[in-house]
Amino acid sequence: MSEAFIRDLLASDLSVLEAGLELLDIEKYIPSELGTRSFLDLLAKDHYGHWVIVEVKKTNAAAREAAHEVFKYAEAVQRHFGARSDEIRVIVASVEWKELLIPFSRLKAEASISVDGFHLELDAAGKILKASPVETVPVNLGRYLAPWHELNLYHDHASLERGIASYEECCQTKGIKDYVLVILKAAEDFNERAADALANALQAIDAMFGSKAREGSSKFSSVPPERYEYILYFAPQILSKEFCLDIIARNPALLEEVESYPADMSKEAELCALHTNVYDIEPCPVRDSGEIGYAAKFKNTLLDDEGWTVEQVLRRGMFERNNLLSDDAIINELKGLTGSSGQSFKRTISMSNRTHVASTRADMATALATNPSWLSQINRVLDDVLKDTPAALVDINVFCPSSGVFTLYFIATDDGSNSHVPSYQVEVSDAAGNLTKLYVGLLSPSGQPTTFDKILEKYYDGRMGRLMFLAGAGFYETRDADVMDDLGLVYRSFRLDNPRGDATWFELKEERWKAIKPELPFQPLQPYFDANGPLIESIVTEIGSRMYGGFHDMS
C-alpha cells in the first residue's frame with residue numbers, strides 16, 4: 001500500500017480531513033527561481049479560500065523528512081502564487097506517527113504558517129476508516145529532556161555501578177535510546193545532617209501528638225537511618241504518547257487503566273502519567289532507594305540545600321553524539337533553567353539572531369505560565385531592546401518560584417541570602433560587552449492584603465492540609481498570580497539606564513516607563529513586611545509548625 005495509493009484515497013474524499021476542502025490538483029508541480037522544484041501530494045483550498053498543502057506519509061522513515069519538505073513546499077507556494085503566510089495551510093497525514101510526532105510538534109511550534117496533523121486509520125481493504133487530529137507534545141528545538149525524572153539513591157560505589165548497568169539494560173529493553181544519567185556525590189556531612197533532621201522531626205511529632213506517637217516513633221528512632229553516598233539521576237529525551245503506550249501495552253491491566261484516563265485530562269498531565277508508568281513497568285533499575293525527581297528538587301533540594309555535587313554526566317544516544325553540548329547545558333536543563341520547570345529561566349541571546357529571540361519568547365511562555373505579568377513585561381523589554389539596540393547582547397535570568405503563600409514563608413524565614421525572593425534581571429550590553437541597561441523584576445506591594453484565614457478558605461477549602469500538599473510538589477502553586485493579588489502583592493518591572501555611570505531609574509506603569517528616585521538599596525518588598533506583621537506571623541506560625549527538617553505534616 002504505497003503513499004500514492006493513500007494520496008489517491010484522500011483525493012477522492014478530502015472531507016475525511018476537513019469539511020469544505022476542495023481538491024485543486026494531485027502531484028502539483030511548483031517551479032522555483034531558486035532552482036528547487038516541488039511536487040505537492042495534494043493541493044486544495046478551504047472554505048475561506050486559503051491554499052491547503054496536503055503532505056501524505058506512510059512509513060516512519062519517510063515521516064522524518066516531512067518537516068523539511070513542508071517548509072520547502074510552503075515557501076514555493078508563497079513565491080509561485082504570491083500568497084501571504086496567513087493564506088497558506090499545511091496538513092500532514094500519516095498512518096505512522098511514532099517517529100513523526102516530535103519533528104511534527106517542533107514544526108508546528110516554529111512554523112509561521114498553520115500546520116495540522118492527522119492520523120489515518122485504514123481497514124484491511126485499504127479504505128480510510130477515520131482521520132484523527134494529532135496532538136503535539138512540547139519540544140525544544142530537537143532536544144527536550146522530559147521534566148519527569150527518577151532519583152535513585154545508593155549506599156556505596158559498588159551499588160551505584162550495579163544501578164548504572166541495570167539502567168542501560170532497562171532502557172535497551174524498553175527501547176529508550178536517548179537519555180542522561182547524572183552521578184551525584186553526597187556532601188561530607190549529608191548523612192549526619194539527614195540523621196539530625198530525622199531526629200528533630202520525630203521529636204516534633206512526639207511533642208505534637210503525645211504518647212500515642214511516642215510508642216511508634218521510639219521504635220523507629222532506635223533504628224539508625226540508612227546512609228547514602230551516591231545518587232543516580234535519570235532523565236530521558238521526552239517520549240511520545242504513542243511510544244509510551246507501546247511499552248505499557250506489555251502489561252494489559254496497566255494499559256486498561258491508562259486508557260481509562262478522563263477525556264478532559266490535560267496533555268501535560270497525561271504525558272507525565274505515561275512517563276511514570278513507563279519508568280515503573282518491568283524491568284526496573286537496581287536501586288537502594290528511590291524517589292520521583294523534578295527540576296525544583298534537583299536544583300533547590302539536592303544541589304542548593306543538601307549540597308550534593310555533580311560527579312559525572314553519562315550520556316546515551318543523541319546526547320552522546322552531540323559533542324557541542326556541554327555538561328553544564330544538560331545540568332541547566334535538569335535544573336529547569338530552560339523554562340521547563342515553570343519556575344526558572346536563564347539564557348544569553350543576540351538580538352540580531354531572530355531565531356534565538358523567537359525561541360526565547362516561546363520558552364519564557366513556559367517558564368512564566370503562572371506569571372502573565374512578568375511574561376508580558378519581559379516581552380515588552382525585548383521589544384524595546386530590538387527597537388533601540390537591535391545588535392545588543394542580552395542576558396536573561398528569571399527566578400519565579402510560583403509558591404503562593406510559601407513565598408512569604410520562605411522569605412520571612414530566610415537566612416538573609418534572599419534565595420527565595422522572586423526576581424528577574426535582563427542585562428543589555430553593546431558589541432564591546434559594556435552594560436548599557438539593566439531591567440529588574442521585583443515583587444512589590446499593591447494594596448491591602450486579605451487575612452491568612454481567607455486565603456485558606458478561598459483556595460484550600462479552609463484546610464491547612466490542602467495547602468501543605470503543595471510541599472510534595474515543589475511548593476508549586478498554579479494560581480500564584482491570584483494568590484499574590486489577594487496578598488496585596490504584584491510582579492513589577494524597573495529599568496536602570498547607564499547602570500555603571502550616572503544611573504537613572506524608571507518603573508513600568510500603564511505601559512510607560514516613568515522616572516522614579518528609589519531609596520538605595522532598592523527593596524520594595526521591605527515596607528510590605530514592616531506593615532503586615534500579623535499576617536506574616538500567622539503564615540510563619542501555621543506553616544512552620546508543620547515543617548520538620550524536610551518532613552511536611554499534610555494533615
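Is Glu 510 buried or exposed? I looked this up before anything else: Glu 510 is exposed, because its relative accessibility is 67%. The cut-offs I used are under 20% relative accessible area for buried, over 50% for exposed, and partly exposed in between, with a 1.4 Å probe and protein chains only.

**Ground rules**

I'm working with a predicted model, where local features need a pLDDT of at least 70 and side-chain atom pairs count only at pLDDT 80 or more, while totals for chains, interfaces and linings use all residues. I number residues from 1 along each chain as its sequence is written, and side-chain values use heavy atoms, with hydrogens and water left out.

**Whole chain**

I found 21 helices and 20 strands in the protein chain. Helices (H or I, at least four residues) and strands (E, at least two) are DSSP runs, numbered from the N terminus. Of the 555 residues, 47% are buried. Next I checked contacts, meaning heavy atoms within 4.5 Å. Taking those between residues at least 6 apart in sequence, 71% join residues at least 24 apart.

**Confidence**

pLDDT is the predictor's confidence in each residue, from 0 to 100. The chain averages 85, and 88% of the residues score at least 70. Among the elements, strand E8 (residues 179-185) has the highest mean, 97, and helix H7 (residues 211-221) has the lowest, 47. I noted that pLDDT stays under 50 over residues 211-220, and that the model has six contacts beyond four places in sequence for this stretch.

**Odd backbone spots**

Most residues other than glycine have a negative phi, and most peptide bonds are trans. I came across exceptions. Glu 510 has a positive phi near 50 degrees, and this residue lies in the loop between strand E17 (504-509) and strand E18 (512-516). Glu 27 also isn't a glycine, yet its phi is positive at about 50 degrees. I found Glu 27 in strand E1 (residues 22-30), and it is partly exposed, because its relative accessible area is 35%. The peptide bond from Glu 282 to Pro 283 is cis, with omega near 0 degrees. Pro 283 sits in the loop between H10 and strand E10 (289-293).

**Asp 497**

What does Asp 497 touch, beyond residues up to four places away in sequence? I listed Thr 436, Lys 437, Asp 502, Ala 503, Thr 504 and Phe 506. Asp 497 is in strand E16 (residues 489-497) and counts as buried because its relative accessibility is 16%. Its side chain makes a polar contact of 2.8 Å with the side chain of Arg 495. A polar contact is a pair of N or O atoms within 3.5 Å; within protein, one must be able to donate a hydrogen and the other to accept it, and residues adjacent in sequence count only if both atoms are side-chain atoms.

**Cavities**

A cavity is a set of points on a 1 Å grid over the protein atoms alone where a 1.4 Å probe fits but cannot get out, and its lining residues have an atom within 4 Å of a point. I counted three cavities of 30 Å³ or more. The largest has a volume of about 80 Å³. Its lining includes Glu 150, Tyr 167, Cys 170, Cys 171 and Phe 234. Helix H5 (157-174) and helix H10 (267-280) are the elements that give two or more residues to this lining. H5 gives the most, with four residues.

Methods
On a 1 Å grid over the protein atoms alone, a cavity is a set of points where a 1.4 Å probe fits but cannot get out, and a pocket is an open set with protein on both sides within 12 Å along at least five of seven lines; lining residues have an atom within 4 Å of a point. Grid points are joined across faces, edges and corners, and a volume is the space filled by probe spheres set on the points.
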